[in-house]
Number of protein chains: 2
Amino acid sequence: MISSADALQPAIILVRPQLGENIGKAARAMLNFGLTDLRLVAPRDGWPNPNAGPAASGADIVLANAQVFETLANAVADCGHVYATTVRRRDLVKPVVTPEEAARTIHAEAGRSALVFGPERSGLETDDVALARTIVTVPINPEFGSLNLAQAVILLAYEWSKGVALAQPPLNELDPPAPQADLEGLITSTVTMLERVDYFIPPERRTATERSLRTLLTKPAWSAREVQMMRGILGAIEKGPRGN
Amino acid sequence: MISSADALQPAIILVRPQLGENIGKAARAMLNFGLTDLRLVAPRDGWPNPNAGPAASGADIVLANAQVFETLANAVADCGHVYATTVRRRDLVKPVVTPEEAARTIHAEAGRSALVFGPERSGLETDDVALARTIVTVPINPEFGSLNLAQAVILLAYEWSKGVALAQPPLNELDPPAPQADLEGLITSTVTMLERVDYFIPPERRTATERSLRTLLTKPAWSAREVQMMRGILGAIEKGPRGN
């Protein structure tokens, strides 16, 4: 039963996880609710990690199939919807949803989603969160927030699993959002164009401006076709009037 | 804020828990979601247990206030609604609900409820379950059910917390979408730029292309500030490199 929904399963992405034990616990949490697509970005102690297996309590299949990436951008390249899980408020202006709302959206939309979790102590960096369209925050006791990595994973996996029985085949024929790699292509080419016209002046504001640009172009959830159209428009305007 | 709901908080009752570490983890799980009424029935290694504190990661108040009882009957004596959490099916004929349904009922009914959890390995005995009016079962992967005590507690606590009015996600302060007039300004100026670079060729496709452009720029729901940024980007690219 779970396997029939595999194609729509969200990937669970652990960014720079520190302890192998926590990777194992996350795998166990996932498999309890039928999730199997585990991706690791630059795990601190390398991979495989001998401490992961015992902590997985039998969820070995998840560890065996885990994929390792050097960057988060690579890990989400095939994902149309990237959700960053955070506890603290961020300066980034992005929609913030509960695990329940995220799960509902994941089931409703076509394409693969990614649920991204930061390192045990520090959580996701601002640049990691910038890759996401949406932030997921578990509402916890403001006077005692102490949710560990595997607990955050299990709550998201649990919410996702609730929709499995009810998950409809994607009836809507809207184009799904472009894979993240397409979006990165648009962002990169726009930055290049803007460099050529000296847009990033003064230089000390460049990081902030680039981040705003990323938010601007990530927000639309454009399809691959739409991303292509936007690139075409920018390219045509840059090129100027056609010669005779 | 959490304390205002104390009168209606369900008690978390651990029946014959084995490891102090798991009692500490359960306390931590509880406090994350604002629950503080921990009750222990005949803990195997007595109480207090020196291993509980470190595992509670700061949820000491829950451990300090934990009450110890000799029997489950005593522990639930002041509770009007007793929910027994189980994984396996039981011969007892009782209603079986999900954590979500249990949480809804707990919030809807007057009086104190009890959520009862069995020992780590064996779960609740049939005689314990017999005390309950309702069975709560977390729906898990039928091919891999490996939920530990603290995980079961956190899922129930999490579901309960959803019903606490103030435990909502922070109101997000996203900019609202720009007024339609701003959006029209962006669309019109983009069309003008594209005309200048002979984008609308062949002319007979112009209507369809303009419609796609409108869809492209309408979909993002950009704020006024973002619409302005997009206009700035397009203008900068059109203008080309700054003269010296």
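What follows is a chat about the contact between chain A and chain B, the cavities and the salt bridges of a predicted model.

Me: Ground rules before we start, what are they?
Reply: It's a predicted model, where local features need pLDDT of at least 70 and side-chain atom pairs count only at pLDDT 80 or more, while totals for chains, interfaces and linings use all residues. Residues are numbered from 1 along each chain as its sequence is written, chains are lettered from A in the order in which they are written, and side-chain values use heavy atoms, with hydrogens and water left out.

Me: OK, how many residues does each chain put into the contact?
Reply: Chain B gives 69 residues and chain A gives 68, with contact meaning heavy atoms within 4.5 Å.

Me: And how much area gets buried?
Reply: About 5,700 Å² between chain B and chain A, with 64% of that from carbon and sulfur atoms. Buried area here is the accessible area (1.4 Å probe) that two parts lose on being put together, summed over both.

Me: Which three residues of chain B supply more than any other three?
Reply: B:Phe144, B:Leu216 and B:Ile237, with 12% of the area that chain B buries against chain A.

Me: How many salt bridges across the interface?
Reply: Six between chain B and chain A, counting a side-chain nitrogen of Lys or Arg within 4 Å of a carboxyl oxygen of Asp or Glu. One of them joins the side chains of A:Glu159 and B:Lys162, at 2.4 Å, N to O.

Me: Which elements of chain B touch chain A?
Reply: Those giving two or more residues are helix 1 (20-32), helix 5 (99-108), helix 7 (149-162), helix 8 (180-196), helix 9 (206-218) and helix 10 (224-239) of chain B. Helix 10 of chain B has the largest share, nine residues. Helices here are DSSP runs (H or I, at least four residues), numbered from the N terminus.

Me: Switching topic, how many cavities?
Reply: Two of 30 Å³ or more, and the largest has a volume of about 50 Å³. A cavity is a set of points on a 1 Å grid over the protein atoms alone where a 1.4 Å probe fits but cannot get out.

Me: What lines the largest one?
Reply: The lining residues, which have an atom within 4 Å of a point, include A:Arg133, A:Leu183 and A:Trp222.

Me: Back to salt bridges, how many over all chains?
Reply: The whole structure has 29. Among them, A:Asp127 and A:Arg211 meet at 3.1 Å, N to O. That pair links helix 6 (residues 126-130) and helix 9 (residues 206-218) of chain A, with the two residues 84 apart.

Key: 1 Å grid on protein atoms, 1.4 Å probe; cavity = no way out; pocket = protein on both sides within 12 Å on 5 of 7 lines; lining within 4 Å. Points joined across faces, edges and corners; volume = space filled by probe spheres on them.
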